Amino acid sequence: MKSQPLFYVIGGANIDCVATPVKDIHPKDSNPAIIKTTFGGVARNIAANLSLYDQKVNFLSIFSTDGFGKDMLDDLNRMNVNTSSCLLSPHPSSMYLALLDKKQDLLMAMVDTSLLNELTSEQIVEFLKPTTENDFVVFDTNLEQSLIKTIFENAKGTLVCDPISIAKGSKVNDHLDKIQIFKPNKLQTEILSGIKITDDRSLIEACDYFTNRGVSELIITLGEQGGVLVTKQSIFRYTTGPFDIVNVVGAGDAFISAYIAFRYQYDKMKTLQLSIAAAIKTCQSMDTVNKELSVDELTRIVDSSNIEIKELYREN
């Protein structure tokens with residue numbers, strides 16, 4: 001077993017405002033809803049999730065000096081995330097506004113991460129200097145394209161990327177050969193690959209688009225239909241039985257965090273099972289990071305949930 005890696009996480013830290021309707025939604029009208037604010041941001045969520053598994057996490061982002069920013073930074077420090085490289089700005093905190101549908105799935109979201117534009121290539125170079133081949137470097141596409149290029153040129157560890165959205169994911173579509181682990185959702189996969197996913201055959205074609213361009217490991221999340229884990233040799237299709245959902249925001253971040261946290265400890269199947277369990281557990285909380293996550297809790301979910309994993313076969 002390899003020694004425990006360090007995790008270098010770069011990207012957004014937002015205040016998430018999530019609205020869950022209590023009845024059917026009527027456009028252009030005021031709709032009754034449960035509205036909650038919580039700490040979020042893909043990179044911030046991943047850093048926080050990793051810390052729950054006692055991983056050593058170094059985080060680089062920009063926080064506002066407003067009340068939201070101070071509270072987010074304090075929360076990460078309490079979770080033992082190393083925020084010593086993070087920067088402070090007098091401008092307002094980044095904000096993510098999500099509207100869920102009556103099934104608690106994401107209907108639409110809007111985000112303002114302009115604060116992150118203050119990050120510079122020089123700061124990223126300095127942050128990545130200590131990285132080794134044993135480490136993981138995780139980034140989201142809230143970053144400017146020039147900063148992503150700086151990460152490609154200076155990271156020495158395994159590169160992990162969440163494309164976040166259709167528009168922002170396009171920043172890395174021409175550089176997939178530099179990313180070892182890539183995690184788009186179904187819609188992002190379809191747009192980036194140009195392949196509409198309608199069945200297993202088209203799903204495999206979409207998977208091959210990314211692996212043929214150099215991605216070593218691909219995770220495509222398919223919402224209530226589960227998802228796939230793809231390597232150059234195999235495609236593993238996973239589904240789950242029904243479970244209660246409170247909020248899906250942050251579930252994908254929990255999945256990828258568990259996947260990279262446990263991959264050096266367990267075999268691929270157990271790592272995949274624990275990752276699915278992390279997503280399930282996160283869906284059962286209004287917070288984007290469920291602080292009840294632990295190896296013991298994830299193992300309990302694996303044992304009690306109907307998680308099915310099968311291998312899809314490519315045609316020769």
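Start by selecting Phe262, which lies in helix 8. This is a predicted model, so keep that in mind as you click through. Is Phe262 buried or exposed? Its relative accessible area is 1%, and because anything under 20% counts as buried, Phe262 is buried. Now show its surroundings: leaving out residues up to four places away in sequence, Phe262 touches Tyr53, Thr271, Leu274, Val295 and Leu298. For a sense of scale, draw a distance from the C-alpha atom of Phe262 to that of Thr113: the two are 149 residues apart along the chain and separated by 30 Å.

**Stop 2: helix 9**

Two of the residues you just lit up lead to the next stop, since Thr271 and Leu274 are among the buried residues of helix 9. Select residues 268-283 to see the whole of helix 9. Why is an end-to-end distance of 23 Å sensible for this helix? At 1.5 Å a residue, its 16 residues should span 22 Å, and the end C-alpha atoms are 23 Å apart, which agrees.

Next, colour helix 9 by burial. The helix is mostly covered, with 12 of its 16 residues buried. Including Thr271 and Leu274, the buried set holds Leu272, Ser275, Ile276, Ala277, Ala278, Ala279, Ile280, Lys281, Thr282 and Cys283. Lys281 deserves a click of its own, as a lysine listed among the buried residues.

What do these buried residues pack against? Show helix 8 (251-262), where you began, and helix 10 (295-304), then add strand 13 (227-231), strand 14 (235-239) and strand 15 (308-312). Before leaving, zoom in on the start of helix 9: a side-chain oxygen of Asp267 comes within 3.2 Å of the backbone nitrogen of Met269.

**Stop 3: strand 13 and its partners**

From the strands packed against helix 9, pick strand 13. All 5 of its 5 residues are buried. Rotate the view to check both faces: Gly227, Leu229 and Thr231 are buried on one side, and Val228 and Val230 on the other.

Strand 13 has a partner in strand 12, and the two pair in the antiparallel sense over 5 bridges. Select Leu218 and Val230 together to see one such bridge, with Val230 on strand 13. Strand 12 and strand 13 form a hairpin with 5 residues between them, and Gly223 in the turn has a positive phi of about 65 degrees.

Strand 14 also joins strand 13, through 4 bridges, and this pair runs antiparallel. Here the residues to pick are Gly227 and its bridge partner in strand 14, Tyr238. Strand 13 and strand 14 make a hairpin too, with 3 residues between them.

**Stop 4: the whole sheet**

Now zoom out. Which order do the strands of the sheet follow? The sheet is open and has 9 strands in the order 4-1-9-10-11-12-13-14-15, with mixed pairing. Its edges are strand 4 (56-60) and strand 15, each of which pairs on one side only.

For a parallel pair, select residues 6-10 (strand 1) and residues 136-140 (strand 9), which are joined by 4 bridges. Ile10 and Phe139 make a good pair to highlight, since Phe139 is the bridge partner of Ile10 in strand 9.

**Stop 5: helix 6**

Helix 6 covers residues 186-193, and its buried residues are Gln188, Thr189, Glu190, Leu192 and Ser193. They pack against helix 5 (166-169), strand 11 (181-182), helix 7 (200-211) and strand 12 (217-221). At the start of helix 6, a side-chain oxygen of Asn185 lies within 3.2 Å of the backbone nitrogen of Leu187. After the helix comes Gly194, which has a positive phi near 75 degrees.

**Stop 6: Asn49**

Jump to Asn49 in helix 1 (residues 42-52). Its relative accessible area is 0%, so Asn49 is buried. Apart from neighbours within four places in sequence, Asn49 is in contact with Asp253, Ala254, Ser257, Val289 and Leu293.

**Last view: the protein as a whole**

Reset the camera. The protein has 10 helices and 15 strands, and its C-alpha atoms fill a box of roughly 55 × 50 × 40 Å along the principal axes. A compact globule of 316 residues would have a radius of gyration near 20 Å, and the 19 Å found here agrees. Of these 316 residues, 54% count as buried. Among contacts with a separation of 6 or more, 66% join residues 24 or more positions apart. Finally, switch on the surface: the accessible area is about 14400 Å², and carbon and sulfur atoms account for 50% of that.

Notes:
Residues are numbered from 1 along each chain as its sequence is written. This is a predicted model: local features need pLDDT of at least 70, side-chain atom pairs count only at pLDDT 80 or more; totals for chains, interfaces and linings use all residues. Side-chain values use heavy atoms; hydrogens and water are left out. The expected span of a helix is 1.5 Å times one less than its number of residues. Buried means under 20% relative accessible area, exposed over 50%, partly exposed in between (1.4 Å probe, protein chains only). Contact means heavy atoms within 4.5 Å. A polar contact is a pair of N or O atoms within 3.5 Å; within protein, one must be able to donate a hydrogen and the other to accept it, and residues adjacent in sequence count only if both atoms are side-chain atoms. The radius of gyration is taken over C-alpha atoms; the globule rule is 2.2 Å times the number of residues to the power 0.38. Accessible areas come from the Shrake-Rupley method with a 1.4 Å probe; for residues, only the protein chains shown count as cover. Two strands pair if DSSP finds at least two bridges between them.
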